Amino acid sequence: MSKKTKLIVILLVLFSIPFLSGCGSSAQQSYSVNLEIWGIFDDSMTYSEVINQYKKINPYVGEIKYRKMNQDTYKQDLLDALASGQGPDIFLINNTWLPSFENKLAPAPTPLVNDQIMKDNFPDVVAQDFSDNGLTYALPLSVDSLALYYNKDMFNAAGITTPPRTWQQFNDDVRKLTVIDPTGKIIQSGAALGTAKNVNRASDILSLLMFQYGVNMPQNKTSQVEFDQGVLDANGNVVQAGEQALGYYTNFARLSSAQITNAANPLYSWNNNNHDSVTAFSEGSVAMMVNYSWQVANIKSKNPKLNFGVAYIPQVNLSQPISYANYWGYAVSLNKLSSASSLPVQSTGLQSQAQAQPSNIQNSITVPNEVRIHEAWQFLKFLALKNNGTVTLYNAITKNSKDFPMNYDPALNYLKRTGQPAARRDLIDAQKSDSTLAPFVSGNLVAKSWYQTNPDAIEQIFDTAIESVDRGDTSLHDALTLMSNRVSHLSGSVSR
């Protein structure tokens, strides 16, 4: 066959394909999309079995490649790659990133994932963080929330039999556990709270307290930022909830009481001279700290002999428990310059992978971006959602579907490999019997988050407010007013 004849044959095949229009030929079309996934916590072996299981049933995916990226440079590397059009098809985003990344993301096709599916499968905070206007932009495998780490040996020595459930009980324990020498040096700290520089995730802990005290944290792009506004307490009285939260947090790092000037502060137990909170807890110099589940393995690696436990986060009101979430989910890039595919051929239905990629066709074309997005989301649905023993796959071009029996749960496999707290509600129930994970997964069900246009800048704003109050440079009211003004100003500076 001459080159001219080959070209004519190829063109005839291409022009006969009714890409996504639903018009023209009614025959189903075969294609093969390669997918690249970027993550930062897991190595490729974590996903190898999941990918192999998926490729057995889906004839429309070719190579699925997972890359572990450098955590320190990940966000900038990702932004640069997406801007160039050569970024990954699927990538991790933090639960606070949607406001600044939404214009770079392709929402899930509603037949695959919709608002009701999100509400049925995940804690409320997930739909809040990863959905907008009824569309889903990311799916998590794990959700994490704050819990209380405590040193069992210190608790035993102080005669404390159980970890605190309320912040008032927490205060009582701090007083018993803190040891200060005659010169004012902290020998043993009751709790790693009060500062920003050496308390891991200080801004998250302050956000938690603000939620628990009743601050109306922004929930969407139209919400007003008013950390300093008065709210009604349970008795109908107007209280400055933001001042209560910031005052309580900083109290642990102030020599004098925040309520009574120049009076000795019985809760003083931490300052900037301490090692960072995770290191100090690992060393056994602090009795309690607030943190996420990922620190369990970190602490054990630092000090395998440390006798510690994890408990539910203390509450302001036990009848209305609240925790705070910080986690990641997989999203799909909105655009990509090219996506290699086998030359489409007409077929009569979903085929085996070998049938979908006939050996006599060596040419490669670029599949439509909509097909790439569809296949990326089809993989994420398989990865994160419960399949009930059957996986339904859709042809992106014809929309025809076929069911495949599947005795395999990718999300469960992932959790077993990583030991992380579950995102899916059914898997949360299964993990409640795990003494280490129970405080985190139970916290996931009552966890909250808030709408942050620029999470990195907001963290700095919170940290600055904490440190200024600790130094006595500003009042609680002025610090909160400044926080509100600065965060409000950021709402107009989101990258669009």
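Biologist: Are α9 and α18 roughly parallel or roughly perpendicular to each other?
Modeller: In this predicted model, helix α9 (residues 202-213) packs against helix α18 (residues 455-471) with the axes 9 Å apart and at an angle of about 80°. Angles from 65 to 115 degrees fall in one orientation class. The two helices, α9 and α18, are therefore roughly perpendicular.

Biologist: How many nonpolar residues does the contact of α9 with α18 have?
Modeller: From α9, the residues A202, S203, L206, S207 and M210 take part, and they meet E459, F462, D463 and I466 of α18. Sorted by class, this contact of α9 with α18 has 2 charged and 2 polar residues, and its nonpolar residues number 5.

Biologist: Which helix gives the largest share of the largest nonpolar core?
Modeller: The largest nonpolar core has 76 residues, and those with the most contacts inside it are Y74, F91, Y330 and F379. The largest share of this core is 9 residues, and they come from residues 369-384, which form helix α14.

Biologist: How many residues does the other core have?
Modeller: This other core lies apart from the largest one. Its members include F170, L206, V487 and L490, and its size is 70 residues.

Biologist: Which residues does F379 touch, leaving out those up to four places away in sequence?
Modeller: F379 is among the residues with the most contacts inside the largest core. With residues up to four places away in sequence left out, F379 touches L35, I37, V50, I51, Y54, I64 and I90.

Biologist: Which strands stand at the edges of the open sheet of 3 strands?
Modeller: The strand order of this open sheet is β13-β8-β14, with antiparallel pairing. Each edge strand has a single partner strand, so one side of it is left without a neighbour in the sheet; the edge strands are β13 (288-291) and β14 (308-311).

Biologist: What is the bridge partner of L148 in β13?
Modeller: Strand β8 (residues 147-151) runs antiparallel to β13 and is joined to it by 4 bridges. In β13, L148 is paired through a bridge with V290.

Biologist: What angle does the direction of helix α12 make with that of β14?
Modeller: Helix α8 (residues 167-177) lies across β8 and β13, at about 140° to β13. Helix α12 (residues 295-302) also packs on the sheet, where it touches β8, β13 and β14; its direction relative to that of β14 is about 170°.

Biologist: Is A297 buried or exposed?
Modeller: A297 is a residue of helix α12. The threshold for the exposed class is over 50% relative accessible area. Because A297 has a relative accessible area of 54%, it is exposed.

Conventions: Residues are numbered from 1 along each chain as its sequence is written. This is a predicted model: local features need pLDDT of at least 70, side-chain atom pairs count only at pLDDT 80 or more; totals for chains, interfaces and linings use all residues. Side-chain values use heavy atoms; hydrogens and water are left out. A nonpolar core is a set of buried Ala, Val, Leu, Ile, Met, Phe, Trp, Tyr and Cys residues joined through side-chain atoms within 4.5 Å. Buried means under 20% relative accessible area, exposed over 50%, partly exposed in between (1.4 Å probe, protein chains only). Contact means heavy atoms within 4.5 Å. Axes are lines fitted to C-alpha atoms, for helices over the stretch in contact, and angles run from 0 to 180 degrees between N-to-C directions. Angles under 35 degrees count as roughly parallel, over 145 as roughly antiparallel, 65 to 115 as roughly perpendicular and the rest as oblique. Ala, Val, Leu, Ile, Met, Phe, Trp, Tyr, Cys and Pro count as nonpolar, Asp, Glu, Lys and Arg as charged, and the others, Gly among them, as polar. Two strands pair if DSSP finds at least two bridges between them.
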